[in-house]
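Here are some notes to read alongside the structure, written for someone who is new to looking at protein models. Please keep the display open and find each element as it is named.

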Amino acid sequence: MGCSLPLPLYGSIMDFLTLLLGVIVGFGLGAWERYRLKSRLRPLLTSLPDTAEVAQSLSLTSLVRREITYLSEKCQAYQEELELWQYLMEQSPLGYLRIDADNHLRWCNPQAQQLLKIDRWQPDQLRLVLELVRSYELDQLIEKTRQSQQNWVEEWFFYPAPESTENSQPILALSSRLLRGYSYALPQQQVVVMLEDLQPLAELTRSRDRAFSDLTHELRTPLTAISLVAETLEKRLQNPERQWVEQMLGETNRLQYLVENWLNLTAIQENPQQFLQYQPLELRELIFDRWQSLQPLVQRKPVRWQYEGPDEVKLEADPDRLRQVFLNLLDNSLKHSPPDGLIEVKVQYLETKAVWEIQIIDQGEGFSAADLPYVFDRLYRGEVSRTRQGLVRERQGSGLGLAIAKEIVEAHGGTLTAHNSPLTGGACLTIHLPSRPITA
């Protein structure tokens with residue numbers, strides 16, 4: 001006879017064996033997963049200098065604790081470094097702005113807040129730059145840097161918004177400040193702008209120019225007296241004494257011309273709009289007229305010229321001042337052109353910018369890299385303008401022609417820039433006049 005277990009006991013044994021099998025399988029899978037976790041984690045826990053040597057002797061828990069301690073110390077060091085840089089930025093004489101891809105102001109230092117009159121920004125708030133600073137030039141600098149992913153340097157006059165009373169009525173219009181902005185492209189379309197306050201330098205330059213203008217104004221009377229005396233003596237003396245008086249009279253006239261140019265330049269800067277008398281004019285005819293006035297000089301040094309542009313260029317501007325601009329620019333190109341050289345005048349209307357572009361290009365030696373940033377400064381004459389191939393030029397300018405031309409163009413709301421032509425190697429002077437053509 002075979003023996004058999006009671007059915008309830010048999011079921012209990014089977015349940016126990018199933019449970020035991022499940023526990024064994026669970027422990028096995030757990031041990032396997034633990035082994036896989038250790039094999040994956042151990043290579044990752046080798047950032048410490050001495051971990052590679054002791055990794056085999058330490059448990060995984062000890063390695064994790066060591067790694068957490070090391071990373072905590074490293075994070076603390078980074079935090080201290082960040083606080084140090086933030087402290088330096090707060091003490092920096094340069095303004096600092098960091099703008100994200102959505103044009104939110106992420107952070108700025110006290111100097112930037114002072115220069116841009118930012119008083120409604122908090123570090124824990126996200127505000128658009130346009131809400132805090134009303135500056136078209138700053139917005140353009142940020143956008144240009146973001147789109148090009150290049151670094152830029154720009155200068156502009158910043159005009160803060162007027163202060164307001166409790167009734168939101170403006171009570172004071174703050175004066176402008178000359179700023180220089182250095183922009184840098186960062187990852188994720190972020191932009192950093194460093195601001196330099198050039199207002200003290202601008203005020204110093206203005207004070208110097210004003211003092212020089214006062215002195216120049218005082219020179220008009222004695223120069224006029226000397227000129228009258230020289231003209232009287234010229235009629236009464238004979239050679240060789242008369243030649244000396246003629247030479248003195250020529251130098252006196254040159255000084256009078258220099259004085260008048262300086263006073264005109266000062267008047268343009270102080271009252272640009274009052275200095276101009278707008279009326280319709282034909283620009284092509286005006287340019288041709290200025291070139292014809294230079295024919296006595298062209299006969300001494302034959303130079304060809306070529307006009308390229310529309311047959312009619314009608315706009316509104318001050319004709320007398322533009323005649324002075326083109327006379328100065330064409331005369332400058334003539335002085336720097338070699339014999340039988342070509343002076344090109346190119347005129348076109350730029351629809352995208354709504355400006356007339358006029359380029360005057362010569363075939364001379366061009367601007368040197370050292371002189372190019374200063375060619376529009378008052379009384380500046382670089383080495384290239386004084387000598388050519390070691391020889392002194394026959395005619396030397398006063399150093400005011402380009403400065404006067406630039407001030408007149410800017411008084412019209414335009415720009416005058418200088419660079420060297422990549423085709424001829426000579427100087428290229430470019431005028432942008434923001435005036436739409438007058439339609440008949």
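1. Before looking at how the strands are joined, it helps to know that two strands pair if DSSP finds at least two bridges between them. The model is a predicted one, and in it strand β6, residues 177-185, pairs with β7 in the antiparallel sense over 7 bridges. As one example of facing residues, Arg180 stands opposite Glu196 in β7.

2. The connection between these two strands is also worth following by eye, since β6 and β7 form a hairpin with 5 residues between them. In the turn you will find Gln188, which has a positive phi of about 60 degrees.

3. Which strand does β1 join, and over how many bridges? Strand β1, residues 95-99, runs antiparallel to β7 and is joined to β7 by 5 bridges. Here Arg98 stands opposite Val192 in β7, while Leu97 stands opposite Val193 in β7.

4. Stepping back to the whole sheet, you can trace an open arrangement of 5 strands in the order β2-β1-β7-β6-β3, with antiparallel pairing. The edge strands are β2 (105-108) and β3 (152-158), each of which pairs on one side only. On average, and with direction ignored, neighbouring strands of this sheet are turned by 25 degrees against each other.

5. Two helices should be viewed together with the sheet. Helix α6, residues 136-148, packs on the sheet and touches β1, β3, β6 and β7, and its direction makes about 165 degrees with that of β3. Helix α7 packs on the sheet as well, touching β6 and β7, with a direction that makes about 140 degrees with that of β6.

6. Is strand β7 mostly covered or mostly uncovered? Strand β7, residues 191-197, is mostly covered, as 5 of its 7 residues are buried.

7. Thr221 lies in helix α7, which spans residues 199-236. Thr221 counts as exposed because its relative accessibility is 61%, and the cut-off for that word is over 50%. Although Thr221 and Gln256 are 35 residues apart along the chain, their C-alpha atoms are separated by 9.9 Å.

8. Finally, consider helix α8, residues 241-270, whose 30 residues reach 44 Å from the first C-alpha to the last, close to the 44 Å expected at 1.5 Å a residue. The buried residues of α8 include Val245, Leu249, Trp262, Leu263 and Ile268, and among them are also Thr252, Asn261 and Thr266.

Technical notes: Residues numbered from 1 in each chain as written. Predicted model: local features only at pLDDT ≥ 70, side-chain atom pairs only at ≥ 80, totals over all residues. Heavy atoms only, no water. Buried < 20%, exposed > 50% of the residue type's maximum accessible area, 1.4 Å probe, protein only. Helix = DSSP H or I, 4+ residues; strand = E, 2+ residues; numbered from the N terminus. Expected span 1.5 Å × (residues − 1). Axes fitted to C-alpha atoms, helices over the stretch in contact; angles between N-to-C directions. Contact = heavy atoms within 4.5 Å.
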